[in-house]
Amino acid sequence: MSRYLLDTNIISYVTKPEPSSQLVSWMSQQADEALYIASLTVAEIRRGILEKPAGKKRRALERWFAGDEGPQALFAGRVLAFDDNAGIIWARLMAEGTAQGRPRSALDMIIASVAEANECIIATDNEKHFEGLRFINPLREPS
């Protein structure tokens, strides 16, 4: 069974009031134990909530984040850390991008290095950001 590390944008799409039917279909075909997120994803989601202005929308997101459907609860035991092994992979990925004349986003490469360190395929729709790496786009129609 393949293991997938969900990029932050995938979590954001899933929580929309009307998520992509393609994404919903793909997610429903995966076993829960095959889906992971990175600790960075928890941080990026939290930051996004904290940067929203005070109000009804932010309160709803706060409740979701802290509740049973929030990322930490939903992915309990499946939140992967950026550890020393991932750090070594991150350095290689960043250096490769620089050597190719295509500098890479440090945050995206944290996701990529955590995925590689844990033998996961990245699930993202940011194909350009992960070009040359092992990923799938669950929002794209299968060819």
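The following paragraphs describe the nonpolar cores, two helix pairs and three individual residues of a predicted model.

In soluble globular proteins, nonpolar side chains tend to be buried together. In the present model, the largest nonpolar core comprises 19 residues, of which Leu5, Met109, Ile111, Ala112, Val114 and Phe130 touch the most other members. Two or more residues are given to this core by each of the elements β2 (35-38), α6 (84-99) and α7 (106-117), and the largest share, amounting to six residues, comes from α7. The surroundings of Val114 illustrate how this core is assembled: when residues up to four places away in sequence are not counted, Val114 touches Leu5, Ala38, Leu80, Ala81, Phe82 and Ala86. Another core, apart from the one just described, contains 16 residues, including Tyr4, Ile11, Leu35 and Ile49.

Two of the elements that contribute to the largest core, α6 and α7, also pack against each other, their axes coming within 8 Å and crossing at roughly 125°. An angle of 65 to 115 degrees would count as roughly perpendicular and one over 145 as roughly antiparallel; α6 and α7 are therefore oblique to each other, and their crossing is right-handed. On the α6 side the contact is made by Asn85, Ala86, Ile89, Trp90, Arg92, Leu93 and Met94, and on the α7 side by Ala106, Met109, Ile110, Ala112, Ser113, Val114, Glu116 and Ala117. Divided by class, the residues of this contact are 11 nonpolar, two polar and two charged.

Within this helix pair, Leu93 of α6 has a relative accessible area of 1% and is therefore buried. Once neighbours within four places in sequence are left aside, Leu93 is in contact with Arg104, Met109, Ala112, Ser113, Glu116 and Leu133. Gly77, by contrast, lies 16 residues from Leu93 along the chain, with 26 Å separating the C-alpha atoms of the two residues.

A second helix pair is formed by α3 (residues 39-50) and α4 (residues 56-66), which pack at an angle of about 155° with their axes 9 Å apart. Because angles over 145 degrees count as roughly antiparallel, α3 and α4 are assigned to that class, and α3 passes α4 in a left-handed crossing. The residues that make the contact are Val42, Ile45, Arg46, Ile49 and Leu50 of α3, together with Arg58, Leu61, Glu62, Trp64 and Phe65 of α4. Seven nonpolar and three charged residues take part in the contact of α3 with α4, whereas no polar residue does.

Trp26, located in helix α2 (residues 21-28), has a relative accessibility of 12% and therefore counts as buried, the cut-off for this class being under 20%. Leaving aside neighbours within four places in sequence, the contacts of Trp26 are with Tyr4, Leu6, Leu35, Ala123, Ile136 and Pro138; of these, Tyr4 and Leu35 are among the members of the core of 16 residues. Although Trp26 and Pro138 are 112 residues apart in sequence, their C-alpha atoms are 6.1 Å apart in space.

Finally, Glu119 lies in the loop between α7 and β4 (121-123), and has a positive phi of about 55° although it is not a glycine. With a relative accessible area of 64%, Glu119 is exposed, in contrast to Trp26, which counts as buried at 12%, and to Leu93, which is buried at 1%.

Key
Residues are numbered from 1 along each chain as its sequence is written. This is a predicted model: local features need pLDDT of at least 70, side-chain atom pairs count only at pLDDT 80 or more; totals for chains, interfaces and linings use all residues. Side-chain values use heavy atoms; hydrogens and water are left out. A nonpolar core is a set of buried Ala, Val, Leu, Ile, Met, Phe, Trp, Tyr and Cys residues joined through side-chain atoms within 4.5 Å. Buried means under 20% relative accessible area, exposed over 50%, partly exposed in between (1.4 Å probe, protein chains only). Helices (H or I, at least four residues) and strands (E, at least two) are DSSP runs, numbered from the N terminus. Contact means heavy atoms within 4.5 Å. Axes are lines fitted to C-alpha atoms, for helices over the stretch in contact, and angles run from 0 to 180 degrees between N-to-C directions. Angles under 35 degrees count as roughly parallel, over 145 as roughly antiparallel, 65 to 115 as roughly perpendicular and the rest as oblique. A crossing is left-handed if the near helix is turned anticlockwise from the far one by less than a right angle, and right-handed if clockwise. Ala, Val, Leu, Ile, Met, Phe, Trp, Tyr, Cys and Pro count as nonpolar, Asp, Glu, Lys and Arg as charged, and the others, Gly among them, as polar.
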